[in-house]
Amino acid sequence: EYFNVNEADANLCHLPDNVDPISAVMLPDMVVTGFHGAELAKINFGDTVLVIGIGPVGLMAVAGANLRGAGRIIAVGSREICQKVAREYGATDILSYKDGDLVENVMKITNNEGVDRVIIAGGDNDTFAQAVTVVKPGGIVSNVNYLGEGETVNIPRVEWGVGMGHKTITGGLTPGGRMKMEKMARLIANGKIDTKKLVTHIFHGFDKIEEALLLMKDKPKDLIKPVVVID
């Protein structure tokens, strides 16, 4: 019946009247994490941005890159529903993992120029090698993906410019708290983003929590994110 929030003044935010709970529940994880990827990438107007992984966080990275003025956004993912929503959030190009080598495909569609920024929101330890290879000298690789296994991350020496390419690799835990949440809520309240595009399954009642969690585990092709409403 109750949930304890430590330092409530700093960690709870007031929602605008026109932001419903289903939209708002995407803020403290999906929105802030994906947008943090765009912030870390320091996207400039007109940049070509590659977003690797378009689950919920990657989709918000696409939306964040779009709001920051990216001129071209290449989204990488294989599930059709995520590809569709990525385009709605601003992706201009879609690449699938099933279409062959990611590096070759990125270089092909960019006329071998590569990209200005990469946001990693999926993949594994080897994804860094792909990102470093396709980002231009002076570019930024931003990571918001959790790397839960393995001992090392592979950074290819030559593709990194033998250390002289000014290719920046960065990553970090997204900041949270009341101020951040209230700023993000303004984006919903004023029509800048529609987080309901992320919500594909809505359940009602505590007894549905296990079913919703199993959906996240099994990842059926029509899933982006489930929400459980406690009526």
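The following dialogue considers salt bridges in a predicted model.

Visitor: Why is the contact between Arg-117 and Asp-47 called a salt bridge?

Guide: A side-chain nitrogen of Lys or Arg must lie within 4 Å of a carboxyl oxygen of Asp or Glu. For Arg-117 and Asp-47 the N to O distance is 3.9 Å, so the pair meets the definition. Arg-117 belongs to strand 4, whereas Asp-47 lies in the loop between helix 3 and strand 1, 70 residues apart.

Visitor: How do you know whether Arg-117 is buried or exposed?

Guide: Buried means under 20% relative accessible area. Arg-117 has 10% relative accessibility and therefore counts as buried. Asp-47 has a relative accessible area of 9%, so this residue is buried too.

Visitor: What makes Asp-116 and Lys-136 a salt bridge?

Guide: Their side chains meet at 3.4 Å, N to O, and the limit is 4 Å, so the pair qualifies. Asp-116 is in strand 4 and Lys-136 in strand 5, so the bridge ties together parts that are 20 residues apart in sequence.

Visitor: Why is Lys-136 called partly exposed?

Guide: The class partly exposed lies between the limits of 20% and 50%. Lys-136 has a relative accessible area of 24% and therefore belongs to this class. Asp-116, at 18% relative accessibility, counts as buried because the value is under 20%.

Visitor: What makes Lys-208 and Glu-211 a salt bridge?

Guide: The closest N and O atoms are 3.9 Å apart, and this value is within 4 Å, so the rule is satisfied. Lys-208, at 30% relative accessibility, counts as partly exposed, and Glu-211, at 40%, also counts as partly exposed.

Technical notes
Residues are numbered from 1 along each chain as its sequence is written. This is a predicted model: local features need pLDDT of at least 70, side-chain atom pairs count only at pLDDT 80 or more; totals for chains, interfaces and linings use all residues. Side-chain values use heavy atoms; hydrogens and water are left out. Helices (H or I, at least four residues) and strands (E, at least two) are DSSP runs, numbered from the N terminus. Buried means under 20% relative accessible area, exposed over 50%, partly exposed in between (1.4 Å probe, protein chains only).
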